[in-house]
Amino acid sequence: SITFLRSEYKAPAFTIQTVDLDIALNPSKTMVVNRMMIQRAAGQIGQSLVLHGEEQELISVRVNGEIVRGYELTPHSLTIHNLPDQFELSITSANIPEKNTSLMGLYVSNGNFFTQCEAEGFRKITYFLDRPDVMATYQVTLRAIKKDFPVLLSNGNLIKEEELPNGWHSAVWQDPFPKPSYLFALVAGKLQSIERTIKSQSGKDKLLQVWVEAKDLDKTEHAMDSLIASIKWDEQRFGLELDLDRFMIVAVGDFNMGAMENKGLNIFNTKFVLANPETASDVDYSNIESVVAHEYFHNWTGNRVTCRDWFQLSLKEGLTVFRDQEFSADQMGSASGKAVKRIEDVRLLRQVQFPEDAGPMAHPIRPDSYQEINNFYTVTVYEKGAEIIRMQQTLLGREGFRKGMDLYFKRHDGQAVTCDDFVSAMSDANQKDLTEFKRWYSQAGTPRVKVEESFAGNTYQVKLTQSCPATPGQDTKEPFHIPLLYKILGTESSSDSSKASNEQLFELTQTSQTITVEGLKQKPTLSINRNFSAPIVLDFEQSESDLLTLLRQDEDAFNRWEAAQKLFMRSILNGATLTSDLLNTLKEILLDGQLDPAFKDLIFTLPAESYLYEQVKVIDPQAIHQSRRKLRHQLAHHLQEAWLWAYEHHQTPGKFNPDAMSAGKRSLKNLALHMLSESGHAGAGDFALKQYENANNMTERYGALAVMVNFASAHAAKCLQHFHQTFQSDALVIDKWFALQATRQSDLSNPRSVLKDVLALRQHPDFSLKNPNRARSLIHAFCMNNPGAFHQPEAASYEFWAKHVIELNQINPQVAARLARGLDRWKQFAPNYQVHMKSALELIAKQDNLSSDVAEVIEKALN
Ligand code: HT7
Ligand code: ZN
């Protein structure tokens, strides 16, 4: 397979000014006429035009109206020679949407047409320079049989609709903004919408629509509210206004990712649009809010200013994740809510991105090479990318960051640019040298900072030493520019109290540097990397007593939470039992009526197994799993009364409200129910059944069902069946039904029981590998989100994994490649796991017809 290199970027030899598409939609054969005005770029004399194109039947090529026959056609390209400097190229081709199971390009889902063009899907619709630095204005004529496809949508503004002979009709859409092909979209079929008209900052009317199948119209309000909130937020925080008169969101049930920011016509996985209290959990509500915001924010960070090439993906994704994180934090409505959001974001980063950065697929946020670009829509590019943006804000301050954003848009609106251009705007707007900071863009791996404290003769010193493990292709690293927010607690006895009592920013730029504070009477407590100011691992052997001080007193909620996590981690990894000091502190926290319930819930959420794996040299997954369960049992048992109090005092009576406070109460209540069951409380079974039966929302219903299933309650089977029957016509809820069973905890006495259930569910009539959400709800959920059940020192579950990677490879390479990442860290596992993992990887590797997506992942894992 081919490896693409960032260093080999070449500007295109031709530019395309306008695209006029005429598309006659038919599931079994769609005809596309693509008329383009093309110009040779300066200095490109004699170059032939090489267009991308895949999986189409080429019907004709015309240059300035004249048929051309002397072209060269391969499965991936169309080359035309001897072209003038400026010409009209018209290409007619056909494709078969109903046969397209990859869900890239034009495809059919539940009888309707949808497109997905990012990153390289447009080339499956027509022949084109399918690269983000070729920007054109589009006019699109859609034609289809009216009774089957009454709604015809594309980017921009609707300028004409017409009735045609034989029951056909057409619609013409014009997008005034030049855009790269990856932002093209069309939707056609039986859909209905809710609409709102709002006034933007400058007083213009904007039409907002959410399009869904008729049966889902009652689940669109939250997405619409989220869209309006996002529009307002971007005006206020960044002065960015919606630039089109009309903005549409469309929901589709078959989709590879979360959503897509096509200009003016965002297409969403139903999972991130549809919600009502009965069918969607609080997590769903909050995900919808952030994904709607994310796609909307792309309109500026991604669409108006786009990427020069796909190596620059984090330019738009890291920045847009940062923006959606900031938006969601602001929507939480309180300081503790913001901290909760920050903790959730960091948990995700450490659970998923840290392992990626330590594994065979590790890459810088701006990769240097790829075989398949679809494999680089990663937590590194997205979530670590967002952290790199956040650090720039920390270094420059909020105002400085805003100045940098303003300059970025001033310089680059309408352009396709690089990560370097972004950092230059930040740097120039603030006269701050970010040369060394840019290593975050080029070096992979999670930096580690070792913290060594000393206290002698009234002087407190903190020595900070940074290092970064080798990653594929990068054996050694230059020091990173690491912004560390810190505060020194317990300086009341200081002779000069103003000295060290505020939060400060320390810029660690060398391998080793020291912070010195003088005039202290006793050793203080250090709170460092506050609010997780840098995405690093801190190697800091802080004493239990200092950690307890932080857990009790640090007003930085992140570090309060972090102190508990560290203590839990020590208990899990060293097998130490919890001290009574710690248990008492935890009990006080749980019973504290002033504390945000969502924060308490996070305090008691133990470090994820995947994060714990990163803390050891050799992973023994069953030892970690059991030790983690033992810790949870201790917390359940010792705090049983407090859990009972928590269960009884976090009701949310009345009409369902998805706001952060109510959601926090429900999550703590569900955790309490879990802990009561874990502790063996006699009433727990009844509580669960009653909660299940009386719930007026999905969070409580699902929480109760999960407890019944996880603790093998006598009611579990009956309630599972009831749940299935109640929601059988709602695909997203049936996904939950599968996922709940696939992620249930394993019976310690019967470790294979979950796999057995999963094998049975695999045969369930509602199961299908063709629908990505459904495949993920069972297969990915078991293989990637249930480590305690999945990792056994035997072949069975690894063979199950391999078999599904192979099967999915034929249907949908992207979904297969995600699953293929499941054994990334196999070399770290104990030998009795490794052997079986290796065989499973090799089984995949030896298949012929592996997609480039799966091949790259498996090859790198085995390498
Ligand atoms: N920019 C979008 C990426 C995306 C995508 C990429 C590859 C294959 C399918 C896809 N669907 C969406 C999503 C986003 O970051 O907003
Ligand atoms: Zn994005």
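Reader: Which kind of crossing does α8 make where it passes α9, left-handed or right-handed?

Author: Helix α8 passes α9 in a left-handed crossing. Please keep in mind that we are both looking at a predicted model. In this model α8 covers residues 544-553 and α9 covers residues 557-574. The two helices pack at an angle of about 145°, and their axes are 7 Å apart.

Reader: How do you know which residues in α8 and α9 meet?

Author: A contact needs C-beta atoms, placed from the backbone, within 7 Å of each other. On the α8 side, the residues that meet α9 are Glu544, Leu547, Leu550 and Leu551. On the α9 side they are Asn559, Arg560, Ala563, Ala564, Lys566 and Leu567. By class, this contact divides into 6 nonpolar, 1 polar and 3 charged residues.

Reader: Thanks! What makes α14 oblique to α15?

Author: The axes of α14 (residues 640-648) and α15 (residues 660-678) cross at roughly 140° and come within 8 Å. Roughly antiparallel would need an angle over 145 degrees, and roughly perpendicular runs from 65 to 115. The crossing angle of roughly 140° fits neither range, so α14 is oblique to α15. The crossing of α14 past α15 is left-handed.

Reader: Which residues of α14 take part, and what classes does the contact with α15 hold?

Author: Trp643, Leu644, Ala646 and Tyr647 of α14 meet Leu668, Lys669, Ala672, Leu673, Met675 and Leu676 of α15. The contact has 9 nonpolar residues, no polar ones and 1 charged.

Reader: Let's turn to the strands. What makes β6 and β14 edge strands?

Author: Each of them pairs on one side only. They belong to an open sheet of 8 strands in the order β6-β5-β9-β3-β2-β12-β15-β14, with mixed pairing. In the sequence, β6 is 66-67 and β14 is 157-163.

Reader: How do you know that β5 and β6 count as a pair?

Author: Pairing asks for at least two bridges between the strands. Strand β5 (residues 57-63) and β6 have 2 bridges, so they count as a pair, in the antiparallel sense. Arg62 has Ile67 in β6 as its bridge partner.

Reader: What makes Glu55 worth a look, and where does it lie?

Author: Glu55 is a residue other than glycine with a positive phi, near 50°. Its place is the loop between β4 (49-52) and β5.

Reader: Which strands are at the edges of the 4-strand sheet, and how do you know?

Author: The edge strands are β29 (512-517) and β31 (537-539), each pairing on one side only. This open sheet has the order β29-β26-β25-β31 and mixed pairing. From one strand to the next, the twist averages 25°. Strand β26 (residues 459-467) pairs with β29 over 6 bridges in the antiparallel sense, and Lys463 stands opposite Thr514 in β29.

Reader: Why is the peptide bond from Glu118 to Ala119 called cis?

Author: The omega value goes with that label: the bond is cis, with omega near -5°. Ala119 sits in the loop between β11 (112-116) and β12 (135-145). Glu118 also appears around ligand 1, as one of the closest residues there.

Reader: Which other residues are closest to ligand 1, and what does α2 give to the shell?

Author: Asn256, Met257, Met260 and Tyr377 are also among the closest of the 15 residues that surround ligand 1. Two elements, β20 (259-260) and α2 (282-298), give two or more residues to the shell. Helix α2 gives the most, with 3 residues. By class, the shell has 5 nonpolar, 6 polar and 4 charged residues.

How values were computed
Residues are numbered from 1 along each chain as its sequence is written. Chains are lettered from A and ligands numbered from 1 in the order in which they are written. This is a predicted model: local features need pLDDT of at least 70, side-chain atom pairs count only at pLDDT 80 or more; totals for chains, interfaces and linings use all residues. A residue is near a molecule or strand if its C-beta atom, placed from the backbone, lies within 6 Å of it. Ala, Val, Leu, Ile, Met, Phe, Trp, Tyr, Cys and Pro count as nonpolar, Asp, Glu, Lys and Arg as charged, and the others, Gly among them, as polar. Axes are lines fitted to C-alpha atoms, for helices over the stretch in contact, and angles run from 0 to 180 degrees between N-to-C directions. Angles under 35 degrees count as roughly parallel, over 145 as roughly antiparallel, 65 to 115 as roughly perpendicular and the rest as oblique. A crossing is left-handed if the near helix is turned anticlockwise from the far one by less than a right angle, and right-handed if clockwise. Two residues are in contact if their C-beta atoms, placed from the backbone, lie within 7 Å.
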